[in-house]
Amino acid sequence: MASEQIGYRGPTACAAAGITYRQLDYWARTGLVEPSVRPAHGSGTQRLYSFRDVVVLKIVKRFLDTGVSLQNIRTTVQHLRERGFCDLERMTLMSDGATVYECTSPDEVHALLQGGQGIFGIAVGVVWRDVESALSQLHGERIDTGETLVGHNPADELARRRNRAV
């Protein structure tokens, strides 16, 4: 099934991105990374995140872990949102700790390195594959029907029993 037809609930998005539910909730409430499939509407409703949302959550986590300020991360996420999150998997995001740069070619990465300052990069394609791998073992939800899609985690006995009962 195409990833555009699958959504992920908060706990699944947290597990795949390596963040806490508290972080996820805060980032959604403050508009840093909002669920693009289904936002929460009051108490008891479940947010539903797209695959790309989960990739962005993991990118945010990686930037936070390296010390980039939340303000700079917000600017980066806003830039990605304005681009429509297209070609994410081909992008490298570089930062010197103060500014985040989008690099789409080796020449752009090389030009940044020529500045002589310490920088680090996030190859979004690697993050993309990490999230794909994590989500393949977790539960998703069909956007159109709400049907639970069970991941390929052989250790998930409860999910196997639930599927047999249906």
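Let me start with one pair of helices: helix 3 and helix 4 are roughly antiparallel to each other, because an angle over 145 degrees is counted that way, and their axes cross at roughly 150 degrees while coming within 10 Å. I should say at once that this is a predicted model, so please hear everything that follows with that in mind.

Staying with this pair, the crossing of helix 3 and helix 4, the latter spanning residues 70-83, is right-handed. On the side of helix 3 the contact is made by V56, V60, F63 and L64, and these meet L70, I73, T76 and V77 of helix 4. If we sort those residues by class, we find seven nonpolar, one polar and no charged in the contact of helix 3 with helix 4.

Now, helix 3, which covers residues 51-65, also packs with helix 6, residues 124-136, and here the angle is about 120 degrees, with the axes 9 Å apart. Helix 3 and helix 6 are therefore oblique to each other, and their crossing is right-handed. From helix 3 the residues involved are F51, R52, V54, V55, K58, I59 and R62, while helix 6 contributes V124, V127, W128, D130, V131, E132 and L135. By class, that contact of helix 3 with helix 6 holds nine nonpolar and five charged residues, with no polar ones.

Let me step back to the chain as a whole. How many helices and strands does the protein chain have? Its secondary structure comes to seven helices and seven strands, and, read from the N terminus on, the elements follow the order β-α-α-β-α-α-β-β-α-β-α-β-β-α. The protein chain has 166 residues, of which 34% count as buried. As for contacts in the protein chain between residues at least 6 apart in sequence, 58% of them join residues that are at least 24 apart.

I will finish with the cysteines C14 and C103. Are they buried or exposed? With the limit for a buried residue set at under 20% relative accessible area, C14 counts as buried because its relative accessibility is 6%, and C103 is likewise buried, since its relative accessible area is 3%. A disulfide, as a reminder, is a covalent bond between the sulfur atoms of two cysteines. In this predicted structure the number of disulfides is zero.

Conventions: Residues are numbered from 1 along each chain as its sequence is written. This is a predicted model: local features need pLDDT of at least 70, side-chain atom pairs count only at pLDDT 80 or more; totals for chains, interfaces and linings use all residues. Side-chain values use heavy atoms; hydrogens and water are left out. Axes are lines fitted to C-alpha atoms, for helices over the stretch in contact, and angles run from 0 to 180 degrees between N-to-C directions. Helices (H or I, at least four residues) and strands (E, at least two) are DSSP runs, numbered from the N terminus. Angles under 35 degrees count as roughly parallel, over 145 as roughly antiparallel, 65 to 115 as roughly perpendicular and the rest as oblique. A crossing is left-handed if the near helix is turned anticlockwise from the far one by less than a right angle, and right-handed if clockwise. Contact means heavy atoms within 4.5 Å. Ala, Val, Leu, Ile, Met, Phe, Trp, Tyr, Cys and Pro count as nonpolar, Asp, Glu, Lys and Arg as charged, and the others, Gly among them, as polar. A disulfide is a pair of cysteine sulfur atoms within 2.5 Å. Buried means under 20% relative accessible area, exposed over 50%, partly exposed in between (1.4 Å probe, protein chains only).
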